[in-house]
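Let's take a walk through this one together, starting from a single side chain and working outwards. Keep the viewer open as you read.

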Amino acid sequence: MDWQRLFNLSPLKLLGLGVAAGAVIVLLLTGTYYASGSPKFCASCHSMELVYSRWQATNHKQFACTECHLPDTNIVGKVVYKARAGLNDLVHETFRAYTPIIPISSNSEEILKRNCVRCHYSTIENTPMARASANCLKCHRYLGHGRGPGKGGIRVE
Amino acid sequence: MDADREKEGLELNRNTKIITSLLGIAVLVFCVVMLRVFMIQPATTVKLAVIPEGEYDPAVWGKYYPLEYKSYQKNLEMAPSPTGFGGSEKYQKSTKEPEILINFKGMPFSKDYTEDRGHPYSLEDIKETKRIQPTAAGSCITCKTANLIDIYKEMGWGYAKVPIQELLAKVKYPIVCANCHDPKTMNLRVINPAFIEAMERRGIDVKKATREEMRSYVCGQCHAEYYFVPEGKRVVFPWDKGFLPEQTYAYYAGNPSGFEQDWIHPDSGAKMLKAQHPDYETWIGGVHGRSGVSCADCHMPFMMEKGQKYSSHWVTSPMKHSEPSCKQCHTQDATWLLDRVKTIQNNVWQLQRTAGQTVAKAHEVIGKASQAAKASKADLDKARVLIRKAQWYWDFVAAENSMGFHNPDQVLNTLGISIDLAHQAIATANRAAGTQY
């Protein structure tokens, strides 16, 4: 392509083009960010089938996966975390390298904890649970994902 | 000038080629990843195969259910359990617990009593054991082979009194797929008539059992205490009064179908009972059993291979794969879990040894006391009843396969009672003869 010709345009036209291109890019990225944050998208991975169905069996099913699993930071922090976690998932999914129960890492556990407190702080602020060391999941482990057999068992057909 | 331009053009051309090929590779990788992640996902169902009833060869079943078969083949591995107890290596238990030789004196378990191996070895091991003579009752074949299905269909309980050598000639397969699965539907089933009858007497129709119940029944059909009816050698599970050691003891106290004892101990002269692996009875009252955790939940957990979920058929100590077995419920890490199981089993092992040794001493003391000239026969008989009961309680734990894990609190209670009864037996014998052994 002859890039020279692009710069021969008048500055106004160039600006207009730039704004249009920027808008398209921003729209695409925002769209991707939100679409890839929907529970339906998370559940499109085979390894997520069980946790998805168990999440649907809880009273937290009104909240998307990302409400609890993305760090409670600004958008940059969220995007960086999402890209890293997404890449990790993509590799494991591509190589089918996952176990039936996917244990939670200590890092994700920390993120979950902060997100519990984000909504429930007023309930616990006057109790020892408000201390950073308190681990909500230790007792409330079935609040986000229910228990019992979920979808994705071994059915004989 | 022209030459320079030509050179520049060539260089541009090469750069374009490199970029294009890199882009090509990126697109290809992207397509493969998208295809594998979103389009071609591993199957969530297993296709039902047509396997005729009467086909017992696990390799044939394995053609249609390869992951399950592959894990079943792991039963051939012989390895110790990570906790140090149980495991699937064959060794004489008396090398670790010499009291076995005294407590089972005068009966086959003092000659040969090995740690049990995996299901595929069931026939090999029954042929090898010194406990069974060629003329022994055919009832011993009940839990060792899938061919029982045809044998029972043909002869009913009549097979129980046929010499085992005759039956072994008809039998080809050990404990295989068909022992627990209906080949037409792959649904779980039980084939041991003794289990079906015992459940019937408890008011339970196993044909109406749920899948969750079946996930324990298929194991319970053999991993249970039983006796042979003296007339006809039919196998019976002593479950009419309940599953606890005191309830099964009470059942035997009623001399069911004329069954009084397994043997008379040569030293103490007591009428003894031999317990056989009451795994189901122990599990059912434990915290896991009471919470509805089935045998298969821990011993046959869901595994994943290349995204394909399957139920492990490597039936062994769950501690060999605590991740899929325990972590469905427990959040602690593998070391913590193993440490917990080891603690329970070490505690049980200690008391099991104490109980076994105290029982052994009681046999000796009653034997010596009964030699005394003026020994009270009534008191000696009381001591013999006490030792019969003491050994039953010890054996109910010692013959069980989990070193107490299936029901830790009940098992420790049982061993405590056993130790106390054995001491009572010793004291009673000494009182009978005025001795102080």
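Start by finding B:Phe237. Leaving aside residues up to four places away in sequence, B:Phe237 touches B:Ala194, B:Phe195, B:Ala198, B:Ala224, B:Glu225 and B:Tyr226. Keep in mind that you're looking at a predicted model.

What is B:Phe237 part of? Along with B:Leu167 and B:Val176, B:Phe237 touches the most other members of the largest nonpolar core, which has 50 residues. Several elements of chain B give two or more residues to this core: α6 (148-155), α7 (164-170), α8, α9, β2 (227-228), α11, α13 and β6. The top contributor is α8(B), with four residues. There's also a second, separate core, this one of 43 residues, with B:Phe85, B:Tyr251, B:Val341 and B:Leu415 among its members. As a general point, nonpolar side chains in soluble globular proteins tend to be buried together.

Now zoom in on one of those contributing helices, α9 of chain B, which covers residues 211-220. Its buried residues are B:Arg215, B:Ser216, B:Tyr217, B:Val218, B:Cys219 and B:Gly220. What do they pack against? The buried residues of α9(B) sit against three other helices of chain B: α8 (193-201), α11 (279-285) and α13 (295-299). Those three helices also turn up in the list of elements that give two or more residues to the largest core.

Time to pull back and take in chain B as a whole. Chain B has 17 helices and seven strands. Its radius of gyration is 29 Å, whereas the globule rule gives 22 Å for 437 residues, so chain B is more spread out than a compact globule. You can see that in the C-alpha trace, which spans about 135 × 50 × 35 Å along its principal axes. Of the 437 residues of chain B, 39% count as buried. If you take the contacts in chain B with a separation of 6 or more, residues 24 or more positions apart account for 70% of them.

Next, swing over to chain A. Chain A has eight helices and one strand, and reading from the N terminus you go through the helices before reaching the strand, α-α-α-α-α-α-α-α-β. The radius of gyration of chain A is 21 Å, while a compact globule of 157 residues would come out near 15 Å. Its C-alpha trace spans about 65 × 55 × 25 Å along the principal axes. Just 8% of the 157 residues of chain A count as buried. Among contacts in chain A between residues at least 6 apart in sequence, 70% join residues at least 24 apart.

So where do the two chains meet? On the chain B side, 25 residues are in contact with 18 residues of chain A. Elements of chain B that each supply at least two residues to that side are α1 (2-39), β1 (45-46), β6 (302-305), β7 (308-311) and α14 (322-326). The one giving the most is α1(B), with four residues. Sorted by class, the side of chain B that touches chain A has 12 nonpolar, seven polar and six charged residues.

One last stop is a strand pairing across the chains. Strand β1 of chain A, residues 155-156, runs parallel to β1(B), and two bridges join them. To find the spot, look for A:Arg155, whose bridge partner in β1(B) is B:Thr45.

Conventions:
Residues are numbered from 1 along each chain as its sequence is written. Chains are lettered from A and ligands numbered from 1 in the order in which they are written. This is a predicted model: local features need pLDDT of at least 70, side-chain atom pairs count only at pLDDT 80 or more; totals for chains, interfaces and linings use all residues. A residue is buried if 20 or more other C-beta atoms lie within 10 Å of its own, exposed if 12 or fewer, and partly exposed in between; C-beta atoms are placed from the backbone. Two residues are in contact if their C-beta atoms, placed from the backbone, lie within 7 Å. The radius of gyration is taken over C-alpha atoms; the globule rule is 2.2 Å times the number of residues to the power 0.38. Ala, Val, Leu, Ile, Met, Phe, Trp, Tyr, Cys and Pro count as nonpolar, Asp, Glu, Lys and Arg as charged, and the others, Gly among them, as polar. Two strands pair if DSSP finds at least two bridges between them. A nonpolar core is a set of buried Ala, Val, Leu, Ile, Met, Phe, Trp, Tyr and Cys residues joined through C-beta atoms within 7 Å.
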